[in-house]
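Me: I am a first-year student, and I would like to take a close look at one residue here and then see how the rest of the structure is arranged around such details. Could you take me through it slowly, in connected prose?

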Amino acid sequence: MLQVYNTLSRSKESFAPIHPPHVGLYVCGPTVYDDPHLGHAKSYVSFDVIVRFLRHSGFKVRYVQNITDVGHLLGEGDEGEDRVLKKARLEKLEPVEIAQKYERHFFRDMDLLNNLRPDISCRATGHIPEMIEMIEKLLKQGKAYETNGDVYFDVSRFPAYGRLSGRKIDDLREGVRKESAEGKRHFADFALWKKADAQHLMQWPSPWGRGFPGWHLECSVMSTKYIGESLDIHGGGLDNQFPHHECEIAQSEAATGKPFVKYWLHNNMVTVDGQKMSKSLGNFVTLEELFKKFDPMTVRFFILQGHYRSPQDFSEPALDAAAKGLARLSDAYHSLAGIAGDQEAGEETGEPWAGFQKKFQAFMEDDFSTAGAVAILFDMARAAQSLTREQAGQAASALRLFDMLAGDVLGLRFTPPQSSGESEKQVVDYLVELRNRFRAEKNWKLADEVRQRLESAGIVLEDGKDGTKWSRK
RNA sequence: GGCGGCGUAGCCAAGUGGUAAGGCGGAGGUCUGCAAAACCUCUAUUCAGCGGUUCGAAUCCGCUCGCCGCCUCCA
């Protein structure tokens, strides 16, 4: 039985979807105003594995993720430029160009990490009418109020406000940085709609004049549109727990009168060399930069070695270590494939493989403990490396298991060794043969010279029981 | 100032009441002409520190120190 940690109850709970076997899962997507970074990798790899494991467990998952391409309120009542607009000004592009450019970058990097695409990837700007509808509903119920072209949610009308994040309205600090916007009844009230001045580049007509939607609204609207009034799982970064998710709950439940989300899942944050990642500290790492140095699979594997609810520190030594560990798994995988050949996998996997599968399953069922699951992969690699050529049947079964656990569930890809062209093959085969003649004559000097020269050309020789193997590195 | 979380070997990192997973690194060994790869063995009497609860704590409680997040857009 799958156990998931629910932020709402602050404890692990048995997972039982509202309408089994269907699972409606919504994850807060990116704001597309800049390149994706390490934090996105951790968050979306984490939820990708959750989706993969749910599907592996037989659930029919609908995975919805938004693209925030508008609507960032800047501090209340302030200079009024949102991030997308600011970037548009800096890059001298239309806001839509900015949003679509960074959306493409986002998916490019997510694809490299082998994250499955959401079933529905929805943009905020495509759902303005639905947002207006929800605001009207809230106004009609007296849970929101309009003031001078702005519409605010009346937090006092939602007593459960603060339950998710565990805070009381009275504890919130008013005006930490800015004065509260004019016209708000309470400083904790949040915007559903903001009036736009004439120069504002993104604005829509509404019953309250031209303006743009509040940030929290899009998630409430799109999740209920595509999943229903009650979601099984809502995921996102811990940093969004308050105020974003708190506000989503308030407006959704106020509008529908139904529980908004059954299980809230939050992933923890990343640090770089032990420090918070931020532009001002100059340690902001985009995935594009990172992938120049580390294979995306290494990054994915590194993330999987931690837990999604724990903070994770990125450093070059840690990623180097992960790369080596992943290479070991990859070698084992390919050696398994070599032994299995064309052999069909049998019905029964047999021991020790069945035991590995069971343990792997148990780790994943314990709140998606990928670190434990990865440890089982290493047990499998060890067992795989001790199979002999005569055990092709077992190797085939093991290979199938590897594909299922490491591939389907964890989303790891083991790239095959680089292949060589036909003429290169002939030349290297000849040199290997030549070297083996030297070895037979115990001419170690020349034999070693051949090996060294090939190595400096990127070809590595390994002498084994069944002769000499070579591969490109 | 308020709220929440974390601190586990040289490094990364699981483990949340029953006697410390895993990876990297290091040491030794098997194999090898030597390598490489692979495999085997070892590598934290101890979980930031100090007290307390308990038959028993890394795990619960209190205090101290350090770090992180949120309270303002952020995965």
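Is K442 buried or exposed, and what is its relative accessible area?

Reply: Please keep in mind throughout that this is a predicted model. K442 is exposed, with a relative accessible area of 59%, and the word applies because a residue counts as exposed when that value is over 50%. K442 is found in the loop between α13 (422-440) and α14 (444-456), and its phi angle is near 55°, a positive value in a residue other than glycine. A comparable description fits N148, whose phi is also near 55° and positive although the residue is not glycine. N148 sits in the loop between β6 (144-147) and β7 (150-153), and with 59% relative accessibility N148 counts as exposed.

Other loops have a backbone feature of another kind. The peptide bond leading from P20 to P21 is cis, with omega near 5°, and P21 belongs to the loop between β2 (11-14) and β3 (22-27). The bond from E351 to P352 is likewise cis, with omega near 5°, and P352 is placed in the loop between α9 (316-340) and α10 (353-365).

To see where these loops belong, it helps to step back to the whole chain. The domain assignment divides chain A into domain 1 (3-267), domain 2 (288-409) and domain 3 (422-472), and the centres of domain 2 and domain 3, taken over C-alpha atoms, are separated by 30 Å.

From an exposed loop we can now turn to the interior. In soluble globular proteins, nonpolar side chains tend to be buried together. Here the largest nonpolar core has 85 residues, and L54 and L410 are those with the most contacts inside it. Helix α1 (residues 38-56) gives the most to this core, namely 10 residues. Since domain 1 (3-267) and domain 2 (288-409) both give residues to this core, it lies between them. If we set aside its neighbours within four places in sequence, L54 is in contact with L2, F15, V23, L25, F59, V61 and I233. A second, separate core has 43 residues, including C122, A188, F190 and C247.

A buried residue with a polar side chain makes a useful contrast to these nonpolar ones. T224 belongs to helix α5 (residues 217-226), and T224 is buried, with a relative accessible area of 16%. A polar atom of its side chain lies 2.7 Å from the backbone oxygen of S220, and the side chain of T224 also reaches the backbone oxygen of V221 at 3.2 Å. Apart from its neighbours within four places in sequence, T224 is in contact with M134, E229 and F260.

Charged side chains add another set of links, and the structure holds 21 salt bridges. In one of these, the side chains of R55 and D119 meet at 2.8 Å, N to O. This pair links distant parts of the chain, with R55 in helix α1 and D119 in the loop between α3 (95-112) and β5 (120-123), 64 residues apart. R55 is partly exposed at 31% relative accessible area, and D119 is partly exposed at 44%. K101 forms another salt bridge, with E91, whose closest N and O atoms are 3.0 Å apart. Because K101 lies in helix α3 and E91 in helix α2 (residues 83-91), the pair ties together parts that are 10 residues apart in sequence. A further salt bridge, at 3.6 Å N to O, joins the side chains of D379 and R382, which both lie in helix α11 (residues 370-385), three residues apart or about one turn of the helix. Salt bridges that share partners also join D48, R52 and R300 into one network.

The last part to consider is the RNA. There are 56 residues around RNA strand B, of which R83, W215, G237, N240 and K276 come nearest. Among the atoms of this strand that come within 4 Å of the protein, sugar and phosphate account for 61%. One polar backbone atom of H307 is 2.7 Å from a phosphate oxygen of the strand. The bases are approached as well, for a polar side-chain atom of R451 lies 2.7 Å from a base oxygen, and a polar backbone atom of D463 is 2.9 Å from a base nitrogen.

Notes:
Residues numbered from 1 in each chain as written. Chains lettered and ligands numbered in written order. Predicted model: local features only at pLDDT ≥ 70, side-chain atom pairs only at ≥ 80, totals over all residues. Heavy atoms only, no water. Core = buried A, V, L, I, M, F, W, Y, C linked by side-chain atoms within 4.5 Å. Buried < 20%, exposed > 50% of the residue type's maximum accessible area, 1.4 Å probe, protein only. Helix = DSSP H or I, 4+ residues; strand = E, 2+ residues; numbered from the N terminus. Domains from an automatic or database assignment. Contact = heavy atoms within 4.5 Å. Salt bridge = Lys/Arg side-chain N within 4 Å of Asp/Glu carboxyl O. Polar contact = N/O pair within 3.5 Å; in protein donor to acceptor, adjacent residues only side chain to side chain. Near = heavy atom within 4 Å.
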